[in-house]
Amino acid sequence: MLNEWIQSLMKRHSHDRTIIGIDGLGGSGKTTLAQSIQRDLLDGSRQTVLIHLDDHIVPSCNRYGTGMPQWREYY
């Protein structure tokens, strides 16, 4: 099903570049989904780059284990 969605997306967006953003709470499966999408795109011989924005905003050592609810730790 995911592969079908990706193929549909690529047909609608025939540009040289397409950006796919994934948002959600910690532990919700964002990285797993992004890696699956990346694998499917590579199977279609498309160049991909996977960027984790969290790594560019707040270091993980400052985001987790703060004692606050998980959704609030990021902010």
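**Note on a predicted all-helical model**

1. K30 lies in helix α2. The model under review is predicted. At 23% relative accessibility, K30 counts as partly exposed, because that class covers values between the buried limit of under 20% and the exposed limit of over 50%. Apart from neighbours within four places in sequence, K30 is in contact with I22, D23, G24 and L25. The C-alpha atom of K30 is 9.8 Å from that of H52, although 22 residues separate the two along the chain.

2. On overall architecture, the protein has 5 helices and 0 strands, and its pattern along the sequence reads α-α-α-α-α. Of its 75 residues, 13% count as buried. The accessible surface comes to about 6400 Å², and carbon and sulfur atoms account for 51% of that area. Where contacts link residues at least 6 apart in sequence, 30% of them join residues at least 24 apart.

3. The largest nonpolar core consists of 5 residues, namely I6, L9, M10, I37 and L41. Helices α1 and α2 each contribute at least two residues to this core, and α1 provides the largest share, with 3 residues. In soluble globular proteins, nonpolar side chains tend to be buried together.

4. Within this core, I37 merits separate mention. Leaving out neighbours within four places in sequence, the contacts of I37 are L2, W5, I6, I20 and I22. One of these, I6, is also a member of the core.

5. Three of the contacts of I37, namely W5, I20 and I22, reappear at the surface. Together with L33, these residues make a nonpolar surface patch of about 310 Å². W5 is placed in helix α1, which spans residues 2–12. With a relative accessibility of 39%, W5 counts as partly exposed, because this value falls between the 20% and 50% limits.

6. The environment of D40 should be examined. This residue is found in helix α2, which comprises residues 30–43. D40 is buried yet forms no salt bridge. Which side chain of opposite charge is nearest to D40? It is that of R39, at a distance of 5.9 Å, and a salt bridge would require a nitrogen to oxygen distance within 4 Å. Neighbours within four places in sequence aside, D40 is in contact with L2, N3 and I6. Of these, L2 and I6 are also contacts of I37.

Key:
Residues numbered from 1 in each chain as written. Predicted model: local features only at pLDDT ≥ 70, side-chain atom pairs only at ≥ 80, totals over all residues. Heavy atoms only, no water. Patch = residues over 30% accessible without salt bridge, like charges linked within 9 Å, V, L, I, M, F, W, Y side chains within 5 Å. Areas by Shrake-Rupley, 256 points an atom, 1.4 Å probe, with all protein chains shown as cover. Helix = DSSP H or I, 4+ residues; strand = E, 2+ residues; numbered from the N terminus. Buried < 20%, exposed > 50% of the residue type's maximum accessible area, 1.4 Å probe, protein only. Lys, Arg positive; Asp, Glu negative; His and termini not counted. Contact = heavy atoms within 4.5 Å. Core = buried A, V, L, I, M, F, W, Y, C linked by side-chain atoms within 4.5 Å.
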